[in-house]
Amino acid sequence: MSKKIFSGVQPTGNLHLGNYLGAIKNFVDLNNDDQNKCIFCVVDLHAITIKQDKHELRNNIRETTATFIASGIDPTKSIIFDQSKVHAHAEGAWFLSCMAPMGWLNRMTQFKEKAGKDKEKASIGLYIYPILMASDILLYDTTHVPVGEDQKQHLELTRDLAQKFNKDFNCEDFLRVPEPLIKKHFSRIMSLKDGKKKMSKSDPSDFSRINLTDTKDEIVNKIKKAKTDSLPIPYEDQKLKDRPEAENLLGIYSSISDQNLDKSLEEFGGKNFSDLKNQLAEVLLSKISPISDEIKKLINDYEYLDKVLADGVNKAEEIAGKKIVEMKKIIGF
Ligand code: AMP
Ligand code: TRP
């Protein structure tokens, strides 16, 4: 079946192995299937829900674009664009905000995590962030949204908002209700320093993550220093319970090698972590270093990257512009 794919990544720097294995690697597979129509968005409006330096933001928009292309997304096949250039996204978010119950937003766990203890000081933008995400998705009649596990709740909200809009304005099927595409396994990559914490761009320790721009030495070093426990690697997955670091390293190894966990357990069961770490570092070097080299090559070619984005904006504008006009008519403008 032909799918309409939409997904977004925030240009907030430090794109890491979690972003790659949880999201970008799937974008590449979807891009490679000629039946699909894919749109990948650099969600810069989402990035400013947290304060950004304007020069860094501009660099990060280019770096995220370069990462998409370096990972294997072909900009002549898929649309790659920056969100702030297509006005319909912010407009659609406003329309959806006006019919979104606060109760639904109050349930969003990511807001609670990001806002921290002092919720009163968090921006309204951070609070309504999932509504902008819904607008992104719904403007393109998206059928499938590839994301990591942490975005599951936002996608449920998107589905609920689409259904509510269609019902409130009596326009059955106008906003297409999208399906999440979340990998069954390894959709949540954890920190290398703490197997109970998500690998994240904002972790103050660079040793908690493998960045997609890390050098070979950095990759090897970070894997060497990754936290483990004192037991040998088990033979069965049930024995990984309460061993989050072991589970994470085996998960990363399985995901990047495209094999299931059982196969990895067969390979490493009874062995020491040093065996797993050596092998993991080797696979990471073979899969991540070429991407990292390509990012470094592309990142200085502003002309090319800006052209990719500008072409993408034109194509996205054409689709989203039409949808927002229809949406306005339905509302009564
Ligand atoms: P963000 O960097 O927050 O814009 O995330 C971009 C994509 O990467 C989203 O689809 C996230 O779900 C995914 N992602 C971010 N961190 C992780 C992680 N630690 N494990 C798996 N997927 C992740
Ligand atoms: N909220 C997503 C994240 O932080 C990024 C995002 C914004 C997104 N708009 C989207 C993902 C639309 C999928 C579809 O990872």
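1. First, a word on terms: a cavity here is a set of grid points where a 1.4 Å probe fits but cannot get out, and a residue lines it if one of its atoms lies within 4 Å of a point. Keep in mind that this is a predicted model. With that settled, the largest cavity is lined by Met108, Gln110, Phe111, Lys114, Leu126, Tyr129, Pro130 and His154.

2. A bit more on that cavity. Its volume is about 40 Å³. By class, the lining of the largest cavity comes out as 5 nonpolar, 2 polar and 1 charged residues. Helices α6 and α7 each put at least two residues into that lining. Tyr129 is worth remembering: besides lining the largest cavity, Tyr129 is among the residues that come nearest to ligand 2.

3. How many cavities of 30 Å³ or more does the structure hold? There are 2. The second largest has about 30 Å³ of space, and its lining is made of Gly92, Leu96, Ser135, Leu138, Leu139, Leu175 and Met327. Here α4 (88-97) and α7 each supply at least two residues. The class split for this lining is 5 nonpolar, 2 polar and no charged. So far, then, α7 has turned up in the lining of the largest cavity and in that of the second largest cavity.

4. Now the largest pocket. About 1100 Å³ of space lies in it. The pocket is lined by 40 residues, and Gln10, Lys114, Asp150, Gln151 and Lys198 are the closest to its centre. Lys114 also lines the largest cavity. The elements giving two or more residues to the pocket lining are β1, α1, α6 (109-115) and α7, with α1 giving the most, 5 residues. By class the pocket lining holds 14 nonpolar, 18 polar and 8 charged residues.

5. What takes up the largest pocket? Ligand 1 does: the space it takes is that pocket. Ligand 2 sits in the largest pocket too. I'd go through the two ligands in turn.

6. Ligand 1 has 17 residues around it, and Gln10, Gly148, Asp150, Ile189 and Lys201 are the closest. Helix α1 (residues 17-32) gives the most to this shell, with 4 residues. Sorted by class, the shell around ligand 1 has 5 nonpolar, 8 polar and 4 charged residues.

7. Polar contacts of ligand 1 involve backbone as well as side chain. A polar backbone atom of Gln10 is 2.9 Å from an oxygen atom of ligand 1. A nitrogen atom of ligand 1 has a backbone N or O atom of Gly18 at 3.2 Å. For Asn19, a polar side-chain atom lies 3.1 Å from an oxygen atom of the ligand. As for cover, ligand 1 on its own has 490 Å² of accessible area, and the protein covers 93% of that.

8. Ligand 2 has 13 residues around it, with Gln10, Tyr129, Met133, Asp136 and Gln151 coming nearest. Strand β1 (4-9) and helix α7 (124-138) each supply at least two residues of this shell, and α7 has the largest share, 4 residues. The class split of the shell around ligand 2 is 7 nonpolar, 5 polar and 1 charged.

9. Which atoms of ligand 2 are paired with Tyr129 and Asp136? For Tyr129, a polar side-chain atom lies 2.6 Å from an oxygen atom of ligand 2. For Asp136, an N or O atom in the side chain is 2.7 Å from a nitrogen atom of the ligand. Gln10 joins in as well, with a polar side-chain atom 3.1 Å from an oxygen atom of ligand 2. The protein covers 91% of the 370 Å² of accessible area that ligand 2 has on its own.

10. If you look at one residue on screen, I'd suggest Gln10. Gln10 is among the closest residues to ligand 1 and also among those nearest to ligand 2. A backbone atom of Gln10 makes the 2.9 Å pair with ligand 1, whereas a side-chain atom of Gln10 makes the 3.1 Å pair with ligand 2. Gln10 is also one of the residues closest to the centre of the largest pocket.

How values were computed. Residues are numbered from 1 along each chain as its sequence is written. Chains are lettered from A and ligands numbered from 1 in the order in which they are written. This is a predicted model: local features need pLDDT of at least 70, side-chain atom pairs count only at pLDDT 80 or more; totals for chains, interfaces and linings use all residues. Side-chain values use heavy atoms; hydrogens and water are left out. A residue is near a molecule or strand if one of its heavy atoms lies within 4 Å of it. A polar contact is a pair of N or O atoms within 3.5 Å; within protein, one must be able to donate a hydrogen and the other to accept it, and residues adjacent in sequence count only if both atoms are side-chain atoms. Accessible areas come from the Shrake-Rupley method with a 1.4 Å probe; for residues, only the protein chains shown count as cover. On a 1 Å grid over the protein atoms alone, a cavity is a set of points where a 1.4 Å probe fits but cannot get out, and a pocket is an open set with protein on both sides within 12 Å along at least five of seven lines; lining residues have an atom within 4 Å of a point. A molecule sits in a cavity or pocket if more than half of its atoms lie within 2 Å of its grid points. Ala, Val, Leu, Ile, Met, Phe, Trp, Tyr, Cys and Pro count as nonpolar, Asp, Glu, Lys and Arg as charged, and the others, Gly among them, as polar. Grid points are joined across faces, edges and corners, and a volume is the space filled by probe spheres set on the points.
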